[in-house]
Amino acid sequence: MRFTLSTDTVCDVFKSELKARGIDYVSTYYTVDGVEHKDEITSDDEIKEFYDKIRGGEMPTTSQVTQNDYEEFFGNLINKCDGDIVHVTISSGLTSSPLSARYVAEQIYEKTGRRIYIVDSLGATIATRHIVDEAERLRDADIPAEQAVERLNDMVNHIHTWFMPTDLMHLKRGGRVSGPSAYIGTALNIKPILQFDASGALVVKQKKIGAGKGIAAMIDIFKTTSAKQPHKVYIASADSDLAEGMLKKAQAARPDCDIEIAWIGPVIGAHTGVNAVGISFLSDSVRE
(Lines give C-alpha, C1' and ligand atoms only; values in the text may rest on other atoms or scores of the structure.)
Protein backbone atom coordinates (compact mmCIF):
# COMPACT_ATOMS: atom_id res chain seq x y z
CA MET A 1 0.00 0.00 0.00
CA ARG A 2 1.31 3.45 -0.92
CA PHE A 3 2.32 5.47 2.13
CA THR A 4 0.85 8.87 3.00
CA LEU A 5 3.31 11.77 2.87
CA SER A 6 3.17 14.79 5.16
CA THR A 7 5.45 17.61 6.22
CA ASP A 8 5.54 20.85 8.15
CA THR A 9 5.28 24.12 6.27
CA VAL A 10 8.94 25.09 6.76
CA CYS A 11 9.61 23.19 3.53
CA ASP A 12 8.39 26.48 1.99
CA VAL A 13 6.35 24.94 -0.78
CA PHE A 14 3.19 26.97 -1.37
CA LYS A 15 0.33 25.25 0.43
CA SER A 16 -1.79 25.11 -2.70
CA GLU A 17 1.03 23.18 -4.37
CA LEU A 18 1.33 20.76 -1.44
CA LYS A 19 -2.38 20.04 -1.72
CA ALA A 20 -2.10 19.51 -5.49
CA ARG A 21 0.78 17.08 -4.92
CA GLY A 22 -1.20 15.13 -2.33
CA ILE A 23 1.09 16.09 0.55
CA ASP A 24 -0.55 16.77 3.91
CA TYR A 25 0.96 19.45 6.12
CA VAL A 26 0.96 20.83 9.64
CA SER A 27 1.31 24.60 9.82
CA THR A 28 4.03 26.46 11.63
CA TYR A 29 3.37 29.94 13.05
CA TYR A 30 4.74 33.44 12.70
CA THR A 31 3.67 36.71 14.30
CA VAL A 32 3.82 40.06 12.52
CA ASP A 33 2.00 43.31 13.35
CA GLY A 34 1.18 41.69 16.70
CA VAL A 35 -0.99 39.05 15.01
CA GLU A 36 -0.15 35.34 14.94
CA HIS A 37 -0.56 33.67 11.56
CA LYS A 38 -0.44 30.09 10.41
CA ASP A 39 1.99 29.68 7.54
CA GLU A 40 -0.67 29.22 4.89
CA ILE A 41 1.02 31.32 2.19
CA THR A 42 0.03 30.32 -1.33
CA SER A 43 1.30 33.12 -3.60
CA ASP A 44 4.25 35.34 -4.48
CA ASP A 45 2.23 38.41 -3.52
CA GLU A 46 1.66 37.12 0.03
CA ILE A 47 5.33 36.40 0.68
CA LYS A 48 6.37 39.73 -0.85
CA GLU A 49 3.92 41.48 1.48
CA PHE A 50 5.57 39.72 4.43
CA TYR A 51 9.03 40.91 3.43
CA ASP A 52 7.75 44.42 2.76
CA LYS A 53 6.64 44.56 6.38
CA ILE A 54 10.17 43.72 7.47
CA ARG A 55 11.49 46.44 5.18
CA GLY A 56 9.06 48.77 6.94
CA GLY A 57 10.57 47.99 10.34
CA GLU A 58 8.49 45.04 11.56
CA MET A 59 10.35 42.34 13.50
CA PRO A 60 8.41 39.08 13.08
CA THR A 61 8.63 36.27 15.60
CA THR A 62 7.95 32.56 15.19
CA SER A 63 6.69 29.65 17.27
CA GLN A 64 7.17 25.93 16.77
CA VAL A 65 4.69 23.16 16.09
CA THR A 66 3.69 21.90 19.53
CA GLN A 67 2.94 18.43 20.84
CA ASN A 68 -0.76 19.35 20.92
CA ASP A 69 -0.56 20.44 17.27
CA TYR A 70 0.92 17.09 16.33
CA GLU A 71 -1.62 15.14 18.35
CA GLU A 72 -4.42 16.85 16.42
CA PHE A 73 -2.67 16.64 13.05
CA PHE A 74 -1.60 12.99 13.24
CA GLY A 75 -4.90 12.02 14.85
CA ASN A 76 -6.81 13.45 11.90
CA LEU A 77 -4.34 11.98 9.42
CA ILE A 78 -4.63 8.38 10.61
CA ASN A 79 -8.41 8.68 10.49
CA LYS A 80 -8.46 9.82 6.88
CA CYS A 81 -5.84 7.49 5.39
CA ASP A 82 -4.85 3.83 5.54
CA GLY A 83 -1.35 2.43 5.82
CA ASP A 84 1.90 4.03 6.93
CA ILE A 85 2.71 7.73 7.11
CA VAL A 86 6.05 9.38 6.37
CA HIS A 87 6.40 12.83 7.88
CA VAL A 88 9.29 15.19 6.98
CA THR A 89 10.23 17.84 9.55
CA ILE A 90 12.34 20.93 10.01
CA SER A 91 15.74 20.30 11.59
CA SER A 92 15.94 19.18 15.20
CA GLY A 93 19.04 21.37 15.30
CA LEU A 94 16.78 24.43 15.06
CA THR A 95 13.72 23.47 17.12
CA SER A 96 12.37 20.73 19.37
CA SER A 97 9.24 20.23 17.24
CA PRO A 98 10.67 17.09 15.51
CA LEU A 99 11.03 15.55 18.98
CA SER A 100 7.37 16.35 19.65
CA ALA A 101 6.44 14.74 16.33
CA ARG A 102 8.43 11.61 17.16
CA TYR A 103 6.90 11.35 20.65
CA VAL A 104 3.34 11.65 19.33
CA ALA A 105 4.09 9.13 16.56
CA GLU A 106 5.32 6.64 19.17
CA GLN A 107 2.23 7.17 21.31
CA ILE A 108 -0.05 6.60 18.34
CA TYR A 109 1.79 3.38 17.45
CA GLU A 110 1.41 2.06 20.99
CA LYS A 111 -2.33 2.81 20.99
CA THR A 112 -3.29 1.91 17.42
CA GLY A 113 -0.45 -0.01 15.78
CA ARG A 114 -0.30 2.65 13.04
CA ARG A 115 3.21 3.61 11.99
CA ILE A 116 4.21 7.22 11.48
CA TYR A 117 7.83 7.53 10.41
CA ILE A 118 9.52 10.83 11.24
CA VAL A 119 12.25 12.01 8.87
CA ASP A 120 14.33 14.82 10.35
CA SER A 121 15.53 16.85 7.36
CA LEU A 122 18.32 18.41 9.45
CA GLY A 123 17.57 21.57 7.53
CA ALA A 124 14.85 24.04 6.69
CA THR A 125 13.28 25.78 3.72
CA ILE A 126 15.05 24.59 0.50
CA ALA A 127 16.96 21.84 2.39
CA THR A 128 13.70 20.35 3.69
CA ARG A 129 12.13 20.83 0.27
CA HIS A 130 14.72 18.49 -1.27
CA ILE A 131 13.67 15.73 1.13
CA VAL A 132 9.97 16.33 0.51
CA ASP A 133 10.58 16.13 -3.25
CA GLU A 134 12.39 12.81 -2.92
CA ALA A 135 9.78 11.45 -0.50
CA GLU A 136 7.09 12.26 -3.05
CA ARG A 137 9.05 10.46 -5.78
CA LEU A 138 9.43 7.37 -3.58
CA ARG A 139 5.74 7.45 -2.62
CA ASP A 140 4.69 7.65 -6.26
CA ALA A 141 7.03 4.77 -7.12
CA ASP A 142 5.20 2.64 -4.51
CA ILE A 143 8.32 2.17 -2.40
CA PRO A 144 7.32 0.83 1.04
CA ALA A 145 7.53 3.38 3.84
CA GLU A 146 10.32 1.67 5.77
CA GLN A 147 12.54 1.45 2.69
CA ALA A 148 11.71 5.01 1.72
CA VAL A 149 12.68 6.29 5.15
CA GLU A 150 16.05 4.53 4.95
CA ARG A 151 16.74 6.21 1.61
CA LEU A 152 15.56 9.60 2.86
CA ASN A 153 17.71 9.46 6.00
CA ASP A 154 20.72 8.69 3.84
CA MET A 155 19.87 11.52 1.46
CA VAL A 156 19.57 14.00 4.34
CA ASN A 157 23.29 13.60 5.03
CA HIS A 158 24.11 14.38 1.39
CA ILE A 159 22.07 17.57 1.08
CA HIS A 160 24.41 20.54 1.47
CA THR A 161 22.79 23.91 2.10
CA TRP A 162 24.47 27.30 2.38
CA PHE A 163 22.97 30.71 3.23
CA MET A 164 24.10 34.31 3.24
CA PRO A 165 22.02 36.80 5.26
CA THR A 166 22.80 40.37 4.19
CA ASP A 167 21.13 42.48 6.90
CA LEU A 168 23.19 42.24 10.09
CA MET A 169 21.05 44.87 11.78
CA HIS A 170 18.01 42.61 11.39
CA LEU A 171 20.02 39.81 12.98
CA LYS A 172 20.92 42.20 15.83
CA ARG A 173 17.29 43.15 16.41
CA GLY A 174 16.45 39.47 16.64
CA GLY A 175 19.24 38.87 19.15
CA ARG A 176 21.19 36.62 16.79
CA VAL A 177 24.33 38.77 16.68
CA SER A 178 25.64 41.27 19.20
CA GLY A 179 25.28 45.01 18.71
CA PRO A 180 29.02 45.66 18.22
CA SER A 181 29.33 42.79 15.74
CA ALA A 182 26.35 44.08 13.76
CA TYR A 183 27.60 47.66 13.65
CA ILE A 184 31.17 46.72 12.76
CA GLY A 185 30.06 44.10 10.25
CA THR A 186 27.68 46.54 8.57
CA ALA A 187 30.36 49.24 8.40
CA LEU A 188 32.82 46.80 6.83
CA ASN A 189 30.15 45.20 4.59
CA ILE A 190 30.85 41.75 6.06
CA LYS A 191 28.55 38.95 4.96
CA PRO A 192 28.49 35.70 6.98
CA ILE A 193 28.27 32.42 5.05
CA LEU A 194 26.33 29.77 6.99
CA GLN A 195 25.82 26.05 6.48
CA PHE A 196 23.56 23.40 7.97
CA ASP A 197 26.08 21.08 9.64
CA ALA A 198 25.75 17.35 10.32
CA SER A 199 23.60 17.99 13.40
CA GLY A 200 21.22 20.26 11.49
CA ALA A 201 22.44 23.44 13.20
CA LEU A 202 23.24 26.59 11.22
CA VAL A 203 26.87 27.51 11.71
CA VAL A 204 29.01 30.31 10.31
CA LYS A 205 31.65 28.82 8.02
CA GLN A 206 33.09 31.90 6.31
CA LYS A 207 32.88 35.68 6.29
CA LYS A 208 33.23 37.70 3.10
CA ILE A 209 33.51 41.39 2.32
CA GLY A 210 30.50 42.21 0.16
CA ALA A 211 27.58 40.18 -1.16
CA GLY A 212 29.32 39.59 -4.48
CA LYS A 213 32.21 37.77 -2.82
CA GLY A 214 29.80 35.88 -0.61
CA ILE A 215 27.84 34.60 -3.61
CA ALA A 216 31.07 33.73 -5.42
CA ALA A 217 32.15 31.67 -2.40
CA MET A 218 28.87 29.74 -2.33
CA ILE A 219 28.99 29.10 -6.09
CA ASP A 220 32.56 27.84 -5.79
CA ILE A 221 31.47 25.46 -3.01
CA PHE A 222 28.57 24.28 -5.18
CA LYS A 223 30.83 23.76 -8.20
CA THR A 224 33.46 21.79 -6.29
CA THR A 225 31.31 19.72 -3.90
CA SER A 226 28.02 19.04 -5.71
CA ALA A 227 27.24 15.49 -6.83
CA LYS A 228 28.64 14.44 -10.18
CA GLN A 229 25.30 13.31 -11.55
CA PRO A 230 22.71 15.90 -12.68
CA HIS A 231 20.27 16.76 -9.90
CA LYS A 232 17.81 19.35 -8.62
CA VAL A 233 19.28 22.51 -7.13
CA TYR A 234 17.44 25.28 -5.28
CA ILE A 235 18.49 28.91 -4.95
CA ALA A 236 16.87 30.37 -1.83
CA SER A 237 15.53 33.92 -1.86
CA ALA A 238 14.20 36.14 0.92
CA ASP A 239 12.76 38.46 -1.75
CA SER A 240 16.38 39.08 -2.75
CA ASP A 241 17.53 41.09 -5.74
CA LEU A 242 20.65 38.90 -5.67
CA ALA A 243 18.84 35.65 -6.46
CA GLU A 244 18.62 36.02 -10.25
CA GLY A 245 22.32 36.71 -10.54
CA MET A 246 23.11 33.77 -8.29
CA LEU A 247 20.86 31.55 -10.42
CA LYS A 248 22.77 32.47 -13.58
CA LYS A 249 26.12 31.78 -11.91
CA ALA A 250 24.91 28.40 -10.66
CA GLN A 251 23.58 27.50 -14.12
CA ALA A 252 26.93 28.45 -15.65
CA ALA A 253 28.76 26.30 -13.09
CA ARG A 254 26.49 23.27 -13.58
CA PRO A 255 24.49 23.55 -16.83
CA ASP A 256 23.53 19.88 -16.48
CA CYS A 257 21.53 20.50 -13.27
CA ASP A 258 17.90 21.61 -12.96
CA ILE A 259 18.21 24.84 -10.97
CA GLU A 260 15.42 27.14 -9.82
CA ILE A 261 14.78 29.95 -7.36
CA ALA A 262 12.60 29.10 -4.36
CA TRP A 263 11.23 31.29 -1.61
CA ILE A 264 12.52 31.43 1.93
CA GLY A 265 9.15 31.42 3.70
CA PRO A 266 8.02 33.55 6.64
CA VAL A 267 9.20 31.29 9.47
CA ILE A 268 12.84 31.19 8.35
CA GLY A 269 12.60 34.63 6.72
CA ALA A 270 11.65 36.11 10.10
CA HIS A 271 15.14 35.13 11.24
CA THR A 272 17.21 35.84 8.10
CA GLY A 273 15.60 39.15 7.23
CA VAL A 274 15.12 40.51 3.70
CA ASN A 275 17.54 39.82 0.84
CA ALA A 276 19.12 36.62 2.18
CA VAL A 277 20.13 34.11 -0.47
CA GLY A 278 21.30 30.52 -0.39
CA ILE A 279 21.85 27.33 -2.34
CA SER A 280 20.97 23.70 -1.63
CA PHE A 281 22.27 20.75 -3.62
CA LEU A 282 23.10 17.06 -3.53
CA SER A 283 26.70 16.05 -2.77
CA ASP A 284 28.60 12.78 -3.03
CA SER A 285 30.11 13.57 0.38
CA VAL A 286 28.27 13.76 3.70
CA ARG A 287 27.95 16.95 5.69
CA GLU A 288 30.53 17.74 8.33
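User: Before we start, what does "buried" mean here?

Analyst: Buried means under 20% relative accessible area, while exposed means over 50% and partly exposed lies in between. The model we will apply this to is a predicted one.

User: Thanks! Is Glu-136 buried or exposed?

Analyst: Let's compare its value with the cut-off, which is under 20% for a buried residue. Glu-136 has 15% relative accessibility, so this residue counts as buried.

User: Which residue does Glu-136 pair with in helix 5, and how far apart are the closest N and O atoms?

Analyst: Both partners lie in helix 5, three residues apart, which is about one turn of the helix. In general, an α-helix has 3.6 residues a turn, so residues three or four places apart point the same way. The partner is buried too, with a relative accessible area of 8%. Glu-136 forms its salt bridge with Arg-139, and the closest N and O atoms are 4.0 Å apart.

User: Which residue forms a salt bridge with Arg-137?

Analyst: Look again at helix 5 (residues 126-140), where Arg-137 and its partner sit three residues apart. Arg-137 is partly exposed at 45% relative accessibility, whereas the partner is buried, with a relative accessible area of 18%. The closest N and O atoms of the pair are 2.8 Å apart, and the partner is Glu-134.

User: Which residues are linked in a network of salt bridges?

Analyst: Glu-136 and Arg-139, the pair we met above, both belong to the network. The other members are Arg-2, Glu-17, Arg-21, Asp-133, Asp-140 and Asp-142.

User: How many residues apart are Asp-239 and Lys-48?

Analyst: The side chains of Asp-239 and Lys-48 meet in a salt bridge, at 3.2 Å from N to O. This pair links distant parts of the chain: Asp-239 is in the loop between strand 11 (232-237) and helix 10 (243-253), and Lys-48 is in helix 2 (residues 44-55). Asp-239 counts as buried at 14% relative accessibility, while Lys-48 is partly exposed at 36%. Along the chain, the separation of the two is 191 residues.

User: How many salt bridges does the structure hold?

Analyst: In general, side chains of opposite charge can pair when their charged atoms come close. We have looked at some such pairs, including Asp-239 with Lys-48. For the structure, the number of salt bridges is 17.

User: How far does helix 9 reach from its first C-alpha to its last?

Analyst: Helix 9 (residues 211-225) has 15 residues. At 1.5 Å a residue, the expected reach is 21 Å, and the helix comes close to that. From first C-alpha to last, helix 9 reaches 21 Å.

Conventions: Residues are numbered from 1 along each chain as its sequence is written. This is a predicted model: local features need pLDDT of at least 70, side-chain atom pairs count only at pLDDT 80 or more; totals for chains, interfaces and linings use all residues. Side-chain values use heavy atoms; hydrogens and water are left out. Helices (H or I, at least four residues) and strands (E, at least two) are DSSP runs, numbered from the N terminus. The expected span of a helix is 1.5 Å times one less than its number of residues. Buried means under 20% relative accessible area, exposed over 50%, partly exposed in between (1.4 Å probe, protein chains only).
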